[in-house]
Amino acid sequence: MLLDYDVALEDDFQQFIKQIPAPVRALLDSADPVARHQRQAVYTLFGIPGRPATMTPLVEALAMVSTLDTPSFAPTPTINDLALSKAHAYASQYLLQQFIRTVSHTTMLPSANRHELLTAAQSLPLANLNRLRLNFNQRERIADFLKDTKDRPAKLTSLSGYLATSLAGLDPAICGLARAIGESVGIVLTILTDVQVTRQIADFRERLLMGNYPLPLLFGFENDPGYLYDFFHQAHKPTADQFVATQQRVLMIGVAPALTMANELVDQARLDSQQLPTDLQKRVEQALTRLAAATAQPH
């Protein structure tokens, strides 16, 4: 893990899971623990230990809304795949309603903060719809990647920071900074994940087949459009050797600009952190230093 998280948050999350009805709970195996711990790390960075267990898993409920009703699909779905997708959609609806009910009735957050959380929750289904269109049409570009990342995974990390500072009773301006820094951190973490995916041929191939392109590939489209056009517009499905050759091409031309983008986002987060209270600024700066090291160009 690049960032440290309070293990008590994971305990709170597991207690939350136990309260979910069994039919929904049985569908939650697809949740990504690494991504969850990253969001918990952002919460830990901005929060105060010992927050009520009923509130700390809120962002994770939204994350499960997205992972259950995922905006991707198998190239050749079976009847079982279709049935499971419907089950996931129903479970996702339940969790979204659970989130709305909890936020609407809590007395631990000011009205303005509750409104921000509810507005963010309302935007997630639309963000997933837009992601599905990108996957289906397979026309994603770098600007699409940035918008999608801000609207989905980075929104969840931003809300983790926002919820932590809101529960701590900090000034609205500080809550807004936590949200902005959390968004930048979320985009950086997504870029680092995409770089790692590109380096693993099985993951790289799967993402290409789903139309969910990793960022280095999108930079490849900009830097060598002819090569990738030929790869994607063959009369037949690419061979294993062609996937490997494309992966190596993307590693050569797409990883460096992706890591440069991540490093620039770390710098932006550093600028935002300068307006935080001194103690909080120091904690955030330490975390950003670790992220900056992870975005360094390979030698």
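## Reading the model

In what follows, a residue is buried if its relative accessible area is under 20%, exposed if over 50%, and partly exposed in between (1.4 Å probe, protein chains only). R270, with a relative accessible area of 23%, is therefore partly exposed, and so is E285 at 29%.

This is a predicted model, so local features need pLDDT of at least 70 and side-chain atom pairs count only at pLDDT 80 or more, while totals for chains, interfaces and linings use all residues. Residues are numbered from 1 along each chain as its sequence is written, and side-chain values use heavy atoms, with hydrogens and water left out.

## The nonpolar core

Let's start inside. The largest nonpolar core (buried Ala, Val, Leu, Ile, Met, Phe, Trp, Tyr and Cys residues joined through side-chain atoms within 4.5 Å) has 81 residues, and F46, I191, L215 and L291 have the most contacts inside it. Its biggest contributor is helix α9 (residues 172-199), which gives 12 residues. Helices here are DSSP runs of H or I with at least four residues, numbered from the N terminus.

L215 is a good residue to zoom in on. Setting aside neighbours within four places in sequence, L215 is in contact (heavy atoms within 4.5 Å) with I142, F145, I191, D194, A258 and M261.

## A helix on the inside

L215 also belongs to helix α11 (residues 215-223), where seven of the nine residues are buried, so this helix is largely enclosed by the rest of the structure. The buried ones are L215, P216, L217, L218, F219, G220 and F221. What do they pack against? The partners are α7 (142-151), α9, α10 (201-210), α12 (225-232) and α13.

One of those partners, α13 (residues 240-273), holds Q247. Q247 has a relative accessible area of 4%, so it counts as buried. A polar atom of the Q247 side chain lies 3.0 Å from the backbone oxygen of T198. Apart from neighbours up to four places away in sequence, Q247 is in contact with T198, R199, Q200, I201 and F204.

## Salt bridges between helices

Now for the charged pairs. The structure holds 12 salt bridges, each one a side-chain nitrogen of Lys or Arg within 4 Å of a carboxyl oxygen of Asp or Glu. In one of them, R207 and D194 meet through their side chains at 3.1 Å, N to O. This pair links distant parts of the chain, with R207 in helix α10 and D194 in helix α9, 13 residues apart. R207 and D194 are both buried.

R270 and E285 form a salt bridge too, their closest N and O atoms being 3.1 Å apart. Here the link runs from R270 in helix α13 to E285 in helix α14 (residues 278-294), parts of the chain that are distant, with the pair 15 residues apart.

## R131 and its network

Which residue does R131 pair with in a salt bridge at 3.1 Å? The partner is D148, and that distance is between the closest N and O atoms. R131 in helix α6 and D148 in helix α7 are 17 residues apart, so to speak a bridge between distant parts of the chain. R131 is buried at 2% relative accessibility, and D148 is buried at 9%.

The pair is part of something wider: R131, E140, D148 and R152 are linked in a network of salt bridges. Not counting residues up to four places away in sequence, R131 touches P71, E140, D148, R152, G211 and N212. For a sense of scale, R131 and Q234 are 103 residues apart in sequence and 25 Å apart in space, C-alpha to C-alpha.

## Two more spots to visit

R36 sits in helix α3 (residues 33-46). Is R36 buried or exposed? With a relative accessible area of 8%, R36 is buried. The side chain of R36 makes a polar contact with the side chain of E10 at 2.9 Å. A polar contact is a pair of N or O atoms within 3.5 Å; within protein, one must be able to donate a hydrogen and the other to accept it, and residues adjacent in sequence count only if both atoms are side-chain atoms.

On the outside, L126, L129 and L132 make a nonpolar surface patch of about 270 Å². Such a patch joins nonpolar side chains (Val, Leu, Ile, Met, Phe, Trp, Tyr) within 5 Å, from residues with over 30% relative accessible area and no salt bridge; areas come from the Shrake-Rupley method with a 1.4 Å probe. L132 is found in helix α6 (residues 111-137), and its relative accessible area of 34% makes it partly exposed.

Technical notes:
Helix = DSSP H or I, 4+ residues; strand = E, 2+ residues; numbered from the N terminus. Patch = residues over 30% accessible without salt bridge, like charges linked within 9 Å, V, L, I, M, F, W, Y side chains within 5 Å.
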